[in-house]
Amino acid sequence: MSRIVIVSNRTPGKGPAAGGLAVALRKVLGNREGFWFGWSGKLTEQPQAEARIEDIDGLTVAQVDLTREDHHAYYAGFSNSILWPSFHLRLDLATIESYWYEGYRRVNAQFAKALMPLLRPDDIIWVHDYHLIPLASELRNLGARNRIGFYLHIPFPTADALYAIPHHAELMRDVSRYDLVGFQAQRDVAAFTDFAQHQAPSTFGARAIEAIDFSRTDVAAFPIGSDPEAFSRLAASPAAKKMIHRMRRSLGDQALILGVDRLDYSKGLPQRVEAYEKLLANNPRLRRNVHLLQVAPPSRDTIKEYQETSDTLDAICGRVMGHFSEPDWSPLTYVKRAYGQPSLAGLYRMARVGLVTPLRDGMNLVAHEYVASQDPADPGVLVLSRFAGAAEIFPEALLVNPFDTDETSEALRMALDMPLEERKERWQGLMAAARTHNVDDWALRFLDRLAPGTADAGSHSRDIIYLDSVA
Ligand code: F6P
């Protein structure tokens, strides 16, 4: 059977994983021959030509170090100050420094050169996310004939936002060098198809750029998921119960509203706290009876826009606390650090409301984990942004427009007042969808479409829990 080669910016390290991507992919290699390739997390003086191969908790991982300059241009620069904001339709937060593109391409070329000698002709290569769009082109230029798939974990932008990205035509040509391109949601497939079918005649200088031929690239939605059975068990584990006990001691009977997100402007955190502020302002009966816990581990904090989001959130939380707190009651707790999965599962389970309101999101695995952690006899309510990919598979959530803080505030009120029967009914639909879209089947579906017959049903047999999946 062909080996699977996973390529992503971050590789799985020892200890807590960095996010949802790492959590999901680690499972894929659990039962297959193959290896994971990516950045080592280390910065060096000289670019590294050859990958270092290590065994990390039973996985074979091949890694390269990057120079500080290349890493800055590739990661903080082109990937996270241009592609990330543009793909999330936040052109106002993009910093267009077109020279970062050279660093982005250099790193993709370095990855390809270091990966090429490790490849066998029948290896199936699965490339992940916006950091590595050019990788198939770079590999093919070095002679790779393998099946190569690409999965985008973040939303695909509208054509206008795409056109704002320097070198977008080259990037889209790179996309056409993959055999399969997978997106999170149908809306992403629609945006991509719209671009592919109506490519605006772009020009560079006086030279017209030829339309890109996507006819050899298969495109489909593969909504990612979590491991709902594992989460459900974790939420009833002693570690989760300990967390619930601690929280109950401090909250008493107050209903918990919970948000868990990386501290990222795409997550809509200021709008979320404003919606909560309106809830308290419009419903005095809820004061002292409800508490918002927002867990927001810092992310990409060398980038100015992330620092500003953090400052804005500090100010809004301070305002709500100052306005509504009393000597013996506080309306919210804001925690800027990451928690392990067992503690999170406990928090999810005791939360009457899971508040997941990104302004735009590829999928949002927190929504999946919240659903999976609920007590079937007394489940909480998911309040979910209609702009998260998860909205396509979770119609039983209370779907809101996260920009409309009145609507979110009203959804919070409905969630808090929702009778048990309705909560159960909605949750059953949500849990069925979380099961259908579990992470194992996600990987099998993608790999089976990329290289039919190679997906290994044995991957169902493994059941692993990883730390920290706040994507
Ligand atoms: O959700 C997109 C994503 O890039 C994930 O792949 C990753 O786990 C998360 O954001 C965190 O990003 P970073 O690797 O930049 O910390």
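These questions and answers cover a cavity and several salt bridges in a predicted model.

Trainee: Which elements give two or more residues to the lining of the second largest cavity?
Mentor: The second largest cavity has a volume of about 50 Å³. Its lining includes Met172, Val175, Val181 and Phe183. The elements giving two or more residues are α6 (168-175) and β7 (180-183).

Trainee: How does that lining divide into nonpolar, polar and charged residues?
Mentor: Among the lining residues of the second largest cavity are Phe87, Ile133, Phe150 and Leu152. The division is 10 nonpolar, no polar and no charged.

Trainee: Aspartate 179 and arginine 140 meet in a salt bridge. Are the two residues buried or exposed?
Mentor: The N to O distance is 3.0 Å. Aspartate 179 sits in the loop between α6 and β7, and arginine 140 in helix α4 (residues 135-141), 39 residues apart. Buried means under 20% relative accessible area. Aspartate 179 and arginine 140 are both buried.

Trainee: Why does arginine 120 count as partly exposed?
Mentor: Arginine 120 forms a salt bridge with glutamate 33, at 3.8 Å from N to O. Partly exposed lies between the 20% and 50% cut-offs. Arginine 120 is therefore partly exposed, because its relative accessible area is 41%.

Trainee: How many residues apart in sequence are the parts tied together by lysine 336 and aspartate 314?
Mentor: The closest N and O atoms of this salt bridge are 3.0 Å apart. Lysine 336 lies in the loop between β13 (332-335) and α12 (341-350), and aspartate 314 in helix α11 (residues 304-324). So the pair ties together parts separated in sequence by 22 residues.

Note on methods:
Residues are numbered from 1 along each chain as its sequence is written. This is a predicted model: local features need pLDDT of at least 70, side-chain atom pairs count only at pLDDT 80 or more; totals for chains, interfaces and linings use all residues. Side-chain values use heavy atoms; hydrogens and water are left out. On a 1 Å grid over the protein atoms alone, a cavity is a set of points where a 1.4 Å probe fits but cannot get out, and a pocket is an open set with protein on both sides within 12 Å along at least five of seven lines; lining residues have an atom within 4 Å of a point. Grid points are joined across faces, edges and corners, and a volume is the space filled by probe spheres set on the points. Helices (H or I, at least four residues) and strands (E, at least two) are DSSP runs, numbered from the N terminus. Ala, Val, Leu, Ile, Met, Phe, Trp, Tyr, Cys and Pro count as nonpolar, Asp, Glu, Lys and Arg as charged, and the others, Gly among them, as polar. A salt bridge is a side-chain nitrogen of Lys or Arg within 4 Å of a carboxyl oxygen of Asp or Glu. Buried means under 20% relative accessible area, exposed over 50%, partly exposed in between (1.4 Å probe, protein chains only).
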